[in-house]
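Thanks for coming. I have one structure for today, and I will put it on the screen now.

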Amino acid sequence: MSNLERRPAARELGGLDGTAAGPVLDLLPGKEVLLGESTRVRRLLPTLGRRLVGAWAFVDHYGPDDVTSSAGMQVPPHPHTGLQTVSWLLEGEIHHRDSVGSDARIRPGELALMTAGHGIAHSEQSPASHPRYLHGAQLWVALPDAARDTAPAFAHHTDLPGFTSDGLTATVLMGSLGGATSPGTAHTPLVGADLDLSAGADVQLPLEPDFEYAVLASSGSAQVEDAPLEVGAMLYLGTGRRTVRVRAGQDARLLLLGGEPFEERIVMWWNFVGRSGEEIAEYAERWNAEDERFGAVVGYDGDRLTAPPLPPVPLKARGRVR
């Protein structure tokens, strides 16, 4: 999914200034953002006080929305650089097209992993005939300098590994957890896992002490260590944990995100990740000029998005928190 805001803020990310030196329980309530004319999402990253969790740089949680009488998700072709998009559906169906020729239908439980690298364009639409509800998360992973200019690519993984334990069914999207390893290609040490908890579940999840972690409640509510977590909110766990206890009094779905703190300093604006304001300005100019860097999305019927005006102040790469 694109960041459809027409006046997007520049985000200066990276460095270790805001990384917790040990375990914490910081609640990130999320900010409601209107994308386009009718789509509302809860933005968990970047948000006030936290910009990154490992290399995870952007998290939008949307739905469940009843799209019976609407066209559902309709995101025209738009560009990306320097990042990976991770699309995760709980309900619904999305038709993905991109400028490297991919044409895929994404369904719940499947990983859609797009590596923008040097530059890519894509569109996302609910099919004309689509399920009643649309519910999921769109996540971005910042690429490190060694991989940020790599050739663009798209991978669609329909069969993901996982494990079960004490009322938990875990599905590993990215990285490894509990002995299960995702087929998705990651360029920094990280993990992303969907946690499907039945009522009464009480589990201890294994963690990497060098990682920082956060947990998003996609549906239902849960207790994470001593902190309550309600639907649409995220709890930042900090670093230094070898396990985390998760309990659910009702059926719940959580999304566990983590990774080694991202040391490089980057700039994120609109749908671009770069290393300087000058790079971002070049990306926007080349996209609006229909430069060949991003290619064309074949099969989409309609106009593509244009990059909005850049902020009036210089874009600089700084730290991880505001």
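I will go from the overall fold to one strand, and then to some backbone details.

First, this is a predicted model. The protein chain has 1 helix and 27 strands. Along its principal axes, the C-alpha trace spans about 55 × 45 × 30 Å. The radius of gyration is 19 Å, and a compact globule of 322 residues would have one near 20 Å, so the two agree.

Some totals for the chain. Buried residues account for 57% of the 322 residues. If you take the contacts with a separation of 6 or more, 75% of them are between residues 24 or more positions apart. The accessible surface is about 13,000 Å², and carbon and sulfur atoms contribute 46% of that. On charges, there are 28 positive and 41 negative, and their mean positions are 5 Å apart.

Now to the strand. How many residues of β7 are buried? The strand covers residues 83-91, and 8 of its 9 residues are buried, so β7 is largely enclosed by the rest of the structure. β7 pairs with β12, residues 133-142, in the antiparallel sense, over 8 bridges. In that pairing, L83 stands opposite A142 of β12. β7 is also joined to β10, residues 111-115, by 4 bridges, and that pair too runs antiparallel. There, T85 has M114 in β10 as its bridge partner.

Next, the backbone. As a reminder, most peptide bonds are trans, and most residues other than glycine have a negative phi. Here are some exceptions.

The peptide bond from L45 to P46 is cis, with omega near -15°. P46 sits in the loop between β4, residues 39-45, and β5, residues 56-66. Another cis peptide bond joins G63 and P64, with omega about 0°. P64 is in a strand, namely β5.

Then positive phi. D166 has phi near 50°, and its place is the loop between β14, residues 162-165, and β15, residues 168-174. W270 has phi near 55°, and lies in the loop between β26, residues 266-269, and β27, residues 272-274.

Are these residues buried or exposed? D166 has a relative accessible area of 56%, and the cut-off for exposed is over 50%, so D166 is exposed. W270 has a relative accessible area of 2%, and buried means under 20%, so W270 is buried.

That is what I have. Questions are welcome.

Key: Residues are numbered from 1 along each chain as its sequence is written. This is a predicted model: local features need pLDDT of at least 70, side-chain atom pairs count only at pLDDT 80 or more; totals for chains, interfaces and linings use all residues. Side-chain values use heavy atoms; hydrogens and water are left out. Helices (H or I, at least four residues) and strands (E, at least two) are DSSP runs, numbered from the N terminus. The radius of gyration is taken over C-alpha atoms; the globule rule is 2.2 Å times the number of residues to the power 0.38. Buried means under 20% relative accessible area, exposed over 50%, partly exposed in between (1.4 Å probe, protein chains only). Contact means heavy atoms within 4.5 Å. Accessible areas come from the Shrake-Rupley method with a 1.4 Å probe; for residues, only the protein chains shown count as cover. Lys and Arg count as positive and Asp and Glu as negative; His and the chain ends are not counted. The place of a charge is taken as NZ of Lys, CZ of Arg, CG of Asp or CD of Glu. Two strands pair if DSSP finds at least two bridges between them.
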